[in-house]
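Please load the model in your viewer, with cartoon and side-chain representations both at hand. The tour moves from one selection to the next and says what is to be found at each stop.

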Amino acid sequence: MANKKARGPDKAKTNTDNIVVKKQEDAPDIVKQPPVFTDDSRYLCIASGRQVGIYSIQSGDKVHCLKKHSFDIIGLGIKEENVLYSCDTSGDVIEWDIKDGKLLKKTSVAVDGMKKFCSFYYPGNGMFLLSTPSKNTNGSSLWIVNSTSEREIFSEDIRKEPQSVAFGCDQGNGSLVIGALNYQCNGVLVKDMNSGAEKKHMTDKRKFTCIALHKEKLIMATGDISGRILLWHDFVNQIRPVKTVYHWHTLAVSSVCFSSEGEYLYSGGSEKVMVKWRLEGKHRQFLPRMGSTIKFIVNAPDNICVATSHSDNAIRIIDSTNKINQAIFGGLIKHDPIRGLEDGESKKESVMPTGLVFDPRTQGIFFNSQAGFLQLFDPLRGSMIFNMDIANRNVLTDERNTIIGNAEVLRVAVSPTGEWLATLEVWSNMSAGYHDMNLKFWRYDAVQANYELNTDVTMPHHDRITSLAFQPGLLGTEYPCLVSIGRDLKFKIWRLVDDTDIYRQKESWTCDVAGDFRKMMPTAASFSEDGSLLAIAFQDTVTLWDPMTINLNTTLSHNLIEESIELMEFGRDQCFRYLVCASKSSLFAWDVISKGLVWKVGKLRSPIRCLVPDPKSSYMAVVLQNSEVFVFAPSSSKPVHTITNVKSSEPIAALFVPRPNPLANSPEWLVNSRLLIVDDQQEFYSVDDNSVCGFDEKLTTPISHIDSLPWTPFSAIKAQKQISAAKQIVPVIHQTNGIKGYKSVQSLLETSTSTLPPMSRICNSFMIDLMIKHDTKLMTVKADSENGATNDLPTLMNGHIESKMPALKEEATQQKLLTLDCQWITKN
Amino acid sequence: MASFKKTQIRSLPKIGQKVTADTLYWRKLNFPVTVKEFGPIDYIDVMPIEPYFIAVSSAAKVQIYNPITHQVHRHFTRFKEAAYGASIRSDGKLVVAGCDEGHIKLFDIGSKSLLRIFKGHKGPVHRCKFTADNVHVVSFSDDKSVALWDLPSETEIIKFSEHSDYVRAGCVSSISSDLFLSGSFDHTVKLYDARSPTGSTISVDHGSPVESVLMYPGNSIFVSVGGTELRVWDMLAGGRLLARVSQHHKTITCLHLASDGKRLVTGGLDRHAKIYDVQSYQVVHTLDFPSPVLSLGITPDDFTVVAGMANGLISMQHRQTPAEARALIPKQSLKDQKKSQTTYRFRLNADFRNVNRTFNPATDVEVATKNDNSLVSRYDMFLRKFQYSKALDTVLGKYIRKKKPAITVGVMHELIRRNGLKSALAGRDDSSLSIILTFLARNINDPSHSKIIIQVANTLLDVYENSCLTPQSEKLFLHLQEHVNREVEYMKHLMEIEGMLHILLASTTTQTRRGPVNIGQGPPVKVMLPSAAAAANATMVYNVG
């Protein structure tokens, strides 16, 4: 251990400057801005982050990806046929050719005093509408900018949202009416650009949320927070225009949109229902259960279809028969934060309660998608693998004054082989004091390539389960085991059992053991890497259990530790003996073999959010609430690397993701994996070496290489070679602390010295008792090839040294080894 | 977008007999044909070859039945007193039977003639068997002896007198002509080898008088029954006990193999016949009979099951032929007929309808759910339209609330989730309120539903707290309260008993336990203080012990 500790940081110092934090752009947010249809209604232009995607409506595929902006895009507009305007926050306006995706022209509208913009509209005639954020309020100022860069202010008090500005009403005479919603005084501001007539309409106290103007006719629609839609007629000239009320929505209307002939009106909101109103006769059609809240509705110029943007980061295209035709997904689905949780819950519980869970089968990450769903995301390709319905319930929407919660997936655990998936779904109604909890076990069916529900446990604990963990190191031969801890002060061990039936078809999970410890709240649970030890933290005390018999081995507590332990992880690899625990503001490590506190770091600048071990090395990372990241080896408190420049708002989860190929010439903790961090906006950040360029190129090369190989006899031979060269999984077996050879030590100590046979006689068998019984053949080969100095030791000695006691490597003589071993055991 | 998902109805799996392949197989036996004899049916033997005649020994005669026509094919009455244990030779030509006077009589089935009389036993002979070579007979007698006889010469070859009580059970090996087993009322089962005349080779203690023994075809395992126990012994390991099974609650009287030796059947005085799997010795099915079963016979093709009972009844059951099965369920057959009449085109269409239409290659990232919209229940329709009161009314219909309370509770659960329970319960008139109250009172004790029912009852109390109630409703509310009180009382009792058990368990396991954890399923670790009554009871137990 000692020389390891010395080596680690040295190597890391070589090129730490290269480590950078990048925002992952593979999974962009495509619903920040409303999409724009091209004039021929064949393509849809979608702004996502710094790029514009052109999607075909027929197939839903991406045709072009326009990447020239260096800031986030704030608006799109169609100039003429096949020419697209896009504008970013710095005021750069780019003209694109949609057909071939080329940049035509780049101009800037930014001048002194106007540097930052928040939205962009293009009404036509070379005139732009730009809004800049207000200095003192949360609203914005709307500017009319002509092609000759003349600027004219429209209003200084406009809402920021993209759906609060509309334009249109060209009644065949080229006139243009601009309508905008006020931010503070709750009214609609309309202005006829030709005549200059300006009116401000107000109704009652209900706040407007969205506005739409028809392209040609002089009609305007507004939606408000009570769900009412008002249709305004002749609103430019009249002081009190005639209004028609359309009221179906119970929640706020988030978007309204006219059909191009002006016969229909589309509206949507958080009911997840799109309503299609026929303006004459008030007949309406519904498209219910759209999946998630509608943010924007955009109509195609020739009335062929409507595109709706949803809060789950998807755009759905609905044809004229009110059916969903296509869906465009922006990489990964965003989870709507859970509302109505108890006080004192961290943001993670609301935004991404499952955190990031690595799936060893697909190398993907499990985390929340819509309420009651779970998605598997491939971080290498930046795409979603699948989205899985866990709860299988209808998604319920709120009522006007009450929040109605949905069943949410709160915890996920994946078995070490990836065969089993355990999910915890919780639905609670705090006002009624009622909650449901289901623990579900899913088995991956390789034939159907799908997860099948195996066991559904209703109310597995009496109160909320706080953690789930599968026992690692089983290699799929034994029956797997899961531990769950809950707020009902209990921990439970779940095991897969063969339901004794002569037909031998049934396997299901059942609770094997339920236990508690001194009526203390269990707060964290972790298995050692080889699965031979289970650690459960009860507030400030750590207890170590034997997972097979559930006997309490040891209790670890210390005066220095007063706070409740919130996160706990066993070290991996060479640091297997260290148990790293994190409380709110301190970090410390226990040595589970010597049973002592190794180190403690207290009074951190900010609360600890995540503690993640690297599965491929012995390092761990700790992420603080203020976005600081420390990478350290559990053997020492000194961080190997510190990252302070993560520009995320508040990290909620992190994970080490293994690389397909090791990265040479980088710090040791980055060789085999990189760190992913998610913030509360559900944006992904990757901590990686600078030399690694885009994720796409790196990964797609080897795959396309295999795919493109022609089928030749040679390629067949090659494939065979690859199989035979596959690395065999070698079971990781540690020395279990204190149990190994316990009996022989006991007998040695209990027998009176006068009756003991001579030491030389019993030494051999005593030593063998202390050894881990490895496959001796394998061990000799390994030892011979690695360490020539230890060749004179017996075979089992080599095996012993191999089994992760590097400190003993120097001791070459048998005598010394024996004394050392005895001391080590008697200490326990 | 996504289709409406049906309300989840949670019902616990029924405890009791599960439908398995075995239950279906044994349930296919027809209604029994019964024949009344004068005395109890002592023994039934089935001819091992077609036409599977059945030899029944009862009172002073042996009758050979035809299993298809249920008629007596032959009967042998040349016995002075009772005849016992008639057994047919494997070629189906001869039958041998013991009798009260200690003789063993050999008959020809074809000519009905008495061919041999073996004399030598001093007590009644209850069982006799042909050996595998077909030229010897083994007899088991009440004079505590077992004898081997030669057929052609009519002489006794060897006699073992090792038992100390009546020998009432015996069987021979099906592959070796020298091996045979005897079971006696002295609790022992002995294995003899005719080649070693010195005595038995294996002797095992069954623990109670042995009523019947059986050797598996492979000659490696034998089974003995007696008392309420079935014991399985390993012959090759010198009589090691392999299994003890006790499924009957009265004496087991007979044993038989079925389904090509894959199932074992035992009949007992408790009027049941249990069918076991021979690997795990788990009961896979139980057959019921009207009176205590004394003997069993099953044809090798499992087609006929014959049971002889203590009151002299013989019940013969046939397996249903497919035609019979169809005739029994006329509805299903009609449906089948219709299906077979439909034209090819229509059936093709029907198949297309089942194809999951929502699958779309462009959106396949979403898991395609089962799109089974064929039947939307009424309550789901109302839930879909947010008509909560109507949905609740639907599931409070007489049939659903009485026969399928899980559905009612499932809809109530969904209403709780949707926050619609209050509005669904409010504003009800006397009659519908009484239906709800009766339903609640009836189901509040059911542990699988109680959580939701309690929530509903609380909401109901909230809603009708301040309203004026008719005397009838008031009475029902009081009735509900009474139910709750009774349940609370009951729980208290149970907890007292639990406390007593804890003391007993703790006193037995304190030495072996380490650490503060309770191992095993059972009640989790809960240090429960016993109530005064429990403590008093516990000390009493200690005093007795």
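How far apart do the end C-alpha atoms of residues 245–286 of chain B lie, and what percentage of the span is helix and what percentage strand? Select that span and place a distance monitor on its ends: the two C-alpha atoms are 15 Å apart, and the span is 57% strand and 0% helix. Bear in mind throughout that this is a predicted model. Residues 245–286 of chain B carry the feature "repeat: WD" in UniProt, in an unreviewed entry, which places that feature at residues 118–159 of chain B as well. Selecting residues 118–159 of chain B next, you will find end C-alpha atoms 13 Å apart and a span that is 55% strand and 0% helix.

Now widen the selection to the whole of chain B, where 13 helices and 28 strands make up the secondary structure. Of its 545 residues, 46% are buried, and of the contacts in chain B between residues at least 6 apart in sequence, 46% join residues at least 24 apart.

Staying in chain B, select helix α10 (residues 430–443) together with helix α12 (residues 471–509), whose axes are 9 Å apart and meet at an angle of about 10°. Because angles under 35 degrees count as roughly parallel, α10(B) is described as roughly parallel to α12(B). To see the contact itself, show the side chains of α10(B), including Leu433(B), Leu437(B) and Leu440(B), and those of α12(B), including Leu476(B), Phe477(B) and Leu480(B). Taken by class, the contact of α10(B) with α12(B) comprises seven nonpolar residues, six polar residues and one charged residue.

Move to chain A and select helices α6 (residues 742–750) and α7 (residues 759–770), which pack with their axes 8 Å apart at an angle of about 145°. Here Ser744(A), Val745(A) and Leu748(A) of α6(A) come into contact with Ile762(A), Phe766(A), Asp769(A) and Leu770(A) of α7(A). This contact of α6(A) with α7(A) consists of five nonpolar residues, one polar residue and one charged residue.

For the last stop, centre the view on Gln682(A), in the loop between β55 (673–679) and β56 (684–689) of chain A. Is this residue, Gln682(A), buried or exposed? Gln682(A) has a relative accessible area of 6% and is therefore buried. A polar atom of its side chain lies 2.6 Å from the backbone oxygen of His335(A). Leaving aside residues up to four places away in sequence, Gln682(A) touches Ile333(A), Lys334(A), His335(A), Val351(A) and Met352(A).

Notes: Residues numbered from 1 in each chain as written. Chains lettered and ligands numbered in written order. Predicted model: local features only at pLDDT ≥ 70, side-chain atom pairs only at ≥ 80, totals over all residues. Heavy atoms only, no water. Axes fitted to C-alpha atoms, helices over the stretch in contact; angles between N-to-C directions. Helix = DSSP H or I, 4+ residues; strand = E, 2+ residues; numbered from the N terminus. Parallel < 35°, antiparallel > 145°, perpendicular 65-115°, else oblique. Contact = heavy atoms within 4.5 Å. Nonpolar A, V, L, I, M, F, W, Y, C, P; charged D, E, K, R; others polar. UniProt positions renumbered as here; feature names shortened; annotations may be inferred. Buried < 20%, exposed > 50% of the residue type's maximum accessible area, 1.4 Å probe, protein only. Polar contact = N/O pair within 3.5 Å; in protein donor to acceptor, adjacent residues only side chain to side chain.
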